[in-house]
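Colleague: Could you zoom in on one loop in this one and then work outwards from there? I'd like a single connected tour, please.

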Amino acid sequence: MAKSSNIEVDKKSISIIEQNSEDYICLTDMVRGEGGEDHIRNWMRNRNTVEFIGLWETLHHPDFKPVEFDTFRKQAGLNSFNLTPRKWVEATDAIGIFSKAGRYGGTYAHKDIAPAGVEEDADS
């Protein structure tokens, strides 16, 4: 069973789940109240994001599928490109980002990945 805790950042309660001795931060909590639920999907469309999370997976996950990653990397940044966390995980067998339903539900990113999403979103 995954352990969970909360931290408060800028008066927002953000969930953290521990899985396999690693912390995953709730991106959904981070963007809640920011004018729409498309922030995560828009962040994942960005070429820099795709390259960053692909590199992270390559370094930390031996079963990551690099051929599928290359397909996303080539399409990233195009107006027609759309990427969701579920689509990313299903295609590449990624472990750095996942979506969870139910209690403590939302999109979670490994603690190494989540701060990159905050910085990118702040620049938008």
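Modeller: Let's start at Asn 20, which sits in the loop between β2 and β3 (22-26). Keep in mind that this is a predicted model. The backbone is what catches the eye here: phi of Asn 20 is near 50°, a positive value in a residue that isn't glycine. Most residues other than glycine have a negative phi. Asn 20 counts as exposed because its relative accessibility is 76%, and the cut-off for exposed is over 50%.

Now step back from the loop into the strand before it. Strand β2 covers residues 12-19 and includes Ser 15. Is Ser 15 buried or exposed? With a relative accessible area of 10%, Ser 15 is buried, since the cut-off for that is under 20%. Leaving aside residues up to four places away in sequence, Ser 15 touches Ser 5, Asn 6, Tyr 24, Ile 25, Cys 26, Asp 29 and Tyr 108.

Next, the nonpolar packing. The largest nonpolar core has 24 residues, and those with the most contacts inside it are Leu 27, Met 44, Val 50, Leu 83, Trp 88, Ile 97 and Ile 113. Elements that each supply at least two residues of this core include β2, α1 (27-31), α2 (39-45), α3 and α4 (66-75). Apart from this core lies another, of 5 residues, with Ile 17, Tyr 24, Cys 26 and Tyr 108 among them. Two of those names, Tyr 24 and Cys 26, also turned up as contacts of Ser 15. As for Ile 97, its partners beyond four places in sequence are Trp 43, Met 44, Ile 53, Glu 57, Pro 85, Val 89, Thr 107, Tyr 108, Ala 109 and Ile 113.

Ile 53 and Glu 57 lead us to α3. The 14 residues of this helix (47-60) should span 20 Å at 1.5 Å a residue, and the end C-alpha atoms are indeed 20 Å apart. Its buried residues are Thr 49, Val 50, Ile 53, Gly 54, Trp 56 and Glu 57. They sit on the same side of α3, because they cover an arc of only 160° around the axis. Asn 48 and Leu 59 are exposed on the other side. At the N-terminal end, Asn 46 acts as a cap: one of its side-chain oxygens lies 2.7 Å from the backbone nitrogen of Asn 48.

Pro 85 takes us on to helix α5 (residues 85-92), where Pro 85, Trp 88 and Thr 92 are buried. Their arc around the axis is only 65°, so they fall on the same side of α5. Arg 86 and Glu 90 are exposed on the face turned away from that side. The buried residues of α5 pack against α2, α3, α4, β4 (97-100) and β5 (106-110).

Right after α5 comes Asp 93, and here the backbone theme from Asn 20 returns. Asp 93 is in the loop between α5 and β4, with a positive phi near 65°. Unlike Asn 20, which is exposed, Asp 93 is partly exposed, at 35% relative accessible area.

How far to trust all this? The protein chain averages a pLDDT of 85, and 88% of the residues score at least 70. Go carefully with residues 119-124, though: pLDDT stays under 50 there, and the model has 5 contacts for that stretch beyond four places in sequence.

Conventions. Residues are numbered from 1 along each chain as its sequence is written. This is a predicted model: local features need pLDDT of at least 70, side-chain atom pairs count only at pLDDT 80 or more; totals for chains, interfaces and linings use all residues. Side-chain values use heavy atoms; hydrogens and water are left out. Helices (H or I, at least four residues) and strands (E, at least two) are DSSP runs, numbered from the N terminus. The expected span of a helix is 1.5 Å times one less than its number of residues. Buried means under 20% relative accessible area, exposed over 50%, partly exposed in between (1.4 Å probe, protein chains only). The arc is that of the directions from the helix axis to the C-beta atoms. A polar contact is a pair of N or O atoms within 3.5 Å; within protein, one must be able to donate a hydrogen and the other to accept it, and residues adjacent in sequence count only if both atoms are side-chain atoms. Contact means heavy atoms within 4.5 Å. A nonpolar core is a set of buried Ala, Val, Leu, Ile, Met, Phe, Trp, Tyr and Cys residues joined through side-chain atoms within 4.5 Å. pLDDT is the predictor's confidence in each residue, from 0 to 100.
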